[in-house]
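The following paragraphs lead the reader through a molecular structure, from a single turn to the arrangement of its chains. Please keep the sequence and the structure in view while reading.

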2 protein chains.
Amino acid sequence: MADRKGLGVTPQGEDFSAWYNELVLKAELADRAPVKGAMIIRPYGYRIWELLQAELDQRFKATGHVNAYFPLFIPMSYLAKEAAHVEGFSPELAVVTHAGGEELEEPLVVRPTSETVIGETYSRWISSWRDLPLLINQWANVVRWELRPRLFLRTTEFLWQEGHTAHADEDDAMAETMRMLGVYTEVARDVAAIPVVPGEKTPGERFAGAVATFSIEAMMRDGRALQSGTSHYLGTNFAQAFDITFQDASGVLRHCHTTSWGMSTRMIGAVIMAHGDDKGLVLPPRLAPYQVVVVPIGKDPEVDQAAARLADDARAAGVRAHVDTRDATPGFKFNDWELKGVPLRIELGPRDLAAGTAVVAARLGSGKETVPLEGLVAGLPARLDACHDALLARATDFRDSRRARVDTWDEFKTRVADGWADALHCGQPACEDVIKADTGATPRCIPSDGPAESGQCIRCDAPSAWGRRVLFAKAY
Amino acid sequence: MADRKGLGVTPQGEDFSAWYNELVLKAELADRAPVKGAMIIRPYGYRIWELLQAELDQRFKATGHVNAYFPLFIPMSYLAKEAAHVEGFSPELAVVTHAGGEELEEPLVVRPTSETVIGETYSRWISSWRDLPLLINQWANVVRWELRPRLFLRTTEFLWQEGHTAHADEDDAMAETMRMLGVYTEVARDVAAIPVVPGEKTPGERFAGAVATFSIEAMMRDGRALQSGTSHYLGTNFAQAFDITFQDASGVLRHCHTTSWGMSTRMIGAVIMAHGDDKGLVLPPRLAPYQVVVVPIGKDPEVDQAAARLADDARAAGVRAHVDTRDATPGFKFNDWELKGVPLRIELGPRDLAAGTAVVAARLGSGKETVPLEGLVAGLPARLDACHDALLARATDFRDSRRARVDTWDEFKTRVADGWADALHCGQPACEDVIKADTGATPRCIPSDGPAESGQCIRCDAPSAWGRRVLFAKAY
């Protein structure tokens, strides 16, 4: 492969952005595509996505959703039906004007999101209260033209899931919105080992067309926030634009209340930046393509056989295990698998084998441990769980050490330079703009678990809004 | 839902095409989209696709492939690099000319297939013989502008997988081409219960840019053939166009030999038309969203509980089971699940429950069977296997009854009117054209298992080509 040589990456402390860009390429997660801003997801990166998909999909199904597939191309006129929606997305659209050798009568938009085409469809599928709730998800690619693209974080095309549901009333739709925010919070914590903060967006950060937008915010190791999943209560905005109505039990025609929610390949960027270090990726075990890599030491057929057997046994025990049989030095292999973030490495040499032991090294941890071969495989799932817990604890400690409740503007500026500030805010968009211009920080969300509190705005001294503190940070 | 009333469909014998179009809509497999020729895959149809995906994906991984994702948009200039390829695909392209509010410098093609963008990528990823073989698959949507669209069979956008592999030499690439044709044959037979005929395409039916194209051909219940999967040996055509080279072990720079292979949502059309009857779908159990539907008879809480328990137990035993608790008559439910092709129906009423029995009805079969509740669930997997075997046997008998070796032009014409003809052919494209003009039949493939044979062309009396008979049929 082109860049197999030179496994080192720029240290985070020197240039976090260079660290990220180099790591994505050198760990073979993704590659640049011929069209600017697009991305090739390489097998190692795509496997992370597959594992995340499986975790999400199983939770979507367990909460009553089914998958479907809606078209990539949307008539331009559809977008115009919801005024805020078209205004928000127009600058990012890719447009098909010719097809089958002819100019199209109406240009087609490549979907940036699917509320419009799904809204039109739901208006045909829903007629009675018996049809509700309608709970559908789709796995798809979407296109949003990006001026400052970055692999995984902002690419012109990305992969995601988008849930679209229709309900009889606001209560049911809001419950769905919060349920799926909860699913995202759980997957971030229990699968990606990222302790995200869920909360509502302020109006300036709302999805174009939503009544309320909620997000989960993750802290990266440079202290910035990364929005990692969103859940929107759309009210009757799209139902009115697309005439999604139903007859209630008493025969009255009503508009549905709809929701939408999505998580994307951006989450892979979150995993890279929430956990990675100067040696490379640190993958949470539940998303690691290989959870365990066995490195045979020395050229010894018996060792090779034992290594293969160990990996076979591990796979039979449900562990994603791999034997590195490449013609390279152990040192090269250790560095390579550290770069690739494999949670556990098992070294097996002739002396280990003779002693009935192996050496186990955790990617996140100090030093190596000599472990009896007997019982090693049986203990792997518990070791991997311990890796997950240690990673989540480290990320939580890091986040808490960089996050503070601040009550003065000086504290605020210091805090958001490399972390998160919980502050009271007046809720005025103009004041948010001033804060952004001064510090680069924006309101990430109004954390759901924040205690009731009020007082003066951190910036303009006007009375605070929202009844709670707002989380501010510089964001990706 | 819009068309829940009126479950009947036009009989196949009256109008097969109307039967198909009505059934796809009434069984809620798919719906028409706002853009002509596009398709909405509804949850019931998408679940079939998910099950097929899982079966294929597991076999791809077992044969050493990994998944990745390549971009939707391809620079127009890429397609032009392989002359036959651009000629073949040009009439079907959708083109993005504007994005981000501006006209693009170079128009972008929405991928009709990905040989070009993947070829360019492989040229960067491959440098040494150690990088070979490179075995990658992607799950993606593709766009081919269709003038005569039909749901699942020919839609402007469809879902598929496309495998793209690179090898050191022809032998290895041909072995891959045939291995994947074998995977498709196996999945068609063992999963979809369709006894396909694998074979090589004649040059006129080759993929644009391939050296050799192989397909699996399935017989529909009107006697027509449906190409259900293809595997291409691309020689060094794309390697030369995109400079995919490697240094062999002796240091010599060589072109790779590449392959590509794909199966798409078209396979759902094959399942519908290979098995369906005048009552609706007949789904092969391994692709059925619900393998068993339990219909409680009468409004009896005890029956409802027993039905729920039965379905729970079945699910615990790995069977996809569903209880129909809708407020509708048993007769309506029976018709509905027959329309939807569910392999097994279990009826449970108060009298059955008192007697410790249930009534089991197979979708494909005659009459009902009274079965003790004790042991019913444990026996479901074997019953479903029997459904699969019966379906495959029926499809095989049907195919064999409509397929014949023919040696005269009159026989040929009679046979291809509603079936398949194995005939000797001269191999001349002009002669193929005459046959098509006269009968509507085209060469589907040169069956791989055909015995060596030669003689005179069925149509023009010139000496036969290929050393074997060619399978002719009218095709979708």
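Which residue takes a positive phi in the hairpin of strand 18 of chain A and strand 19 of chain A? The model in which this is to be sought is a predicted one. The hairpin has 5 residues between its strands, and A:Gly367 is the residue with the positive phi, near 75 degrees.

The two strands of this hairpin, strand 18 (residues 357-362) and strand 19 of chain A, pair in the antiparallel sense over 5 bridges. Two of the residue pairs may be named: A:Ala361 has A:Lys368 as its bridge partner in strand 19 of chain A, and A:Val360 has A:Glu369 as its partner in that strand. Strand 18 of chain A is also joined to strand 17 of chain A, by 4 bridges, and these two strands run antiparallel. Here A:Ala361 appears again, as the bridge partner of A:Arg345.

These strands belong to an open sheet of 5 strands in chain A, ordered 16-15-17-18-19, with mixed pairing. Strand 16 (321-323) and strand 19 (368-372) of chain A each have a single partner strand and stand at the edges, so one side of each is left without a neighbour in the sheet. On average, and with direction ignored, neighbouring strands of the sheet are turned by 25 degrees against each other.

A helix accompanies this sheet. Helix 10 (residues 330-339) of chain A lies across strand 15 (292-296) and strand 17 (344-348) of chain A, and runs at about 170 degrees to strand 15 of chain A. Helix 10 of chain A is also one of the elements against which the buried residues of helix 1 of chain A pack; the others are strand 1 (30-32) and helix 8 (266-275) of chain A. The buried residues of helix 1 (residues 16-26) of chain A are A:Trp19, A:Tyr20, A:Leu23, A:Val24 and A:Lys26. An α-helix has 3.6 residues a turn, so residues three or four places apart point the same way. After helix 1 of chain A comes A:Glu28, with a positive phi near 60 degrees.

Another group of strands in chain A centres, for this account, on strand 22. Of the 6 residues in strand 22 (residues 442-447) of chain A, 5 are buried, and the strand is thus mostly covered. Strand 22 of chain A runs antiparallel to strand 9 (residues 197-200) of chain A, to which 2 bridges join it; in this pairing A:Gly199 has A:Pro447 as its bridge partner. Strand 22 of chain A likewise runs antiparallel to strand 23 (residues 470-473) of chain A, with 3 bridges between them. There, A:Pro443 is partnered by A:Phe472.

The nonpolar interior may be considered next. The largest nonpolar core has 283 residues, of which A:Ala218, A:Val294, B:Ala218 and B:Val294 touch the most other members. Leaving aside residues up to four places away in sequence, B:Val294 touches B:Ala307, B:Leu310, B:Ala311, B:Ala321, B:Val323, B:Ile346 and B:Leu348.

A position in chain B offers another setting. B:Met174 lies in helix 6 (residues 170-190) of chain B. Is B:Met174 in the category of exposed, partly exposed or buried residues? B:Met174 is partly exposed because 17 other C-beta atoms lie within 10 Å, whereas a buried residue would need 20 or more and an exposed one would have 12 or fewer. B:Met174 is 60 residues from B:Leu234 in sequence, and their C-alpha atoms are 9.2 Å apart in space.

It remains to see how the chains meet. The contact takes 49 residues from chain A and 48 residues from chain B. On the side of chain A that touches chain B, strand 5 (residues 94-99) of chain A gives the most, with 6 residues. By class, that side of chain A has 33 nonpolar, 8 polar and 8 charged residues. Strand 5 of chain A and strand 5 (residues 94-99) of chain B run antiparallel and are joined by 5 bridges, with B:Ala94 as the bridge partner of A:Ala99.

How are the two chains related in space? Chain A is superposed on chain B by a rotation of 180 degrees with 0.0 Å of shift along its axis (RMSD 0.0 Å), which is the relation of a two-fold axis. Among the residues of chain A, A:Val96 comes closest to the rotation axis, at 2.1 Å (C-alpha). Of the interface residues of chain A, 98% are also interface residues in chain B, so the copies meet through the same surface.

Key:
Residues numbered from 1 in each chain as written. Chains lettered and ligands numbered in written order. Predicted model: local features only at pLDDT ≥ 70, side-chain atom pairs only at ≥ 80, totals over all residues. Contact = placed C-beta atoms within 7 Å. Nonpolar A, V, L, I, M, F, W, Y, C, P; charged D, E, K, R; others polar. Pairing = 2+ DSSP bridges. Axes fitted to C-alpha atoms, helices over the stretch in contact; angles between N-to-C directions. Least-squares fit on C-alpha atoms with pLDDT ≥ 70 in both. Core = buried A, V, L, I, M, F, W, Y, C linked by C-beta atoms within 7 Å.
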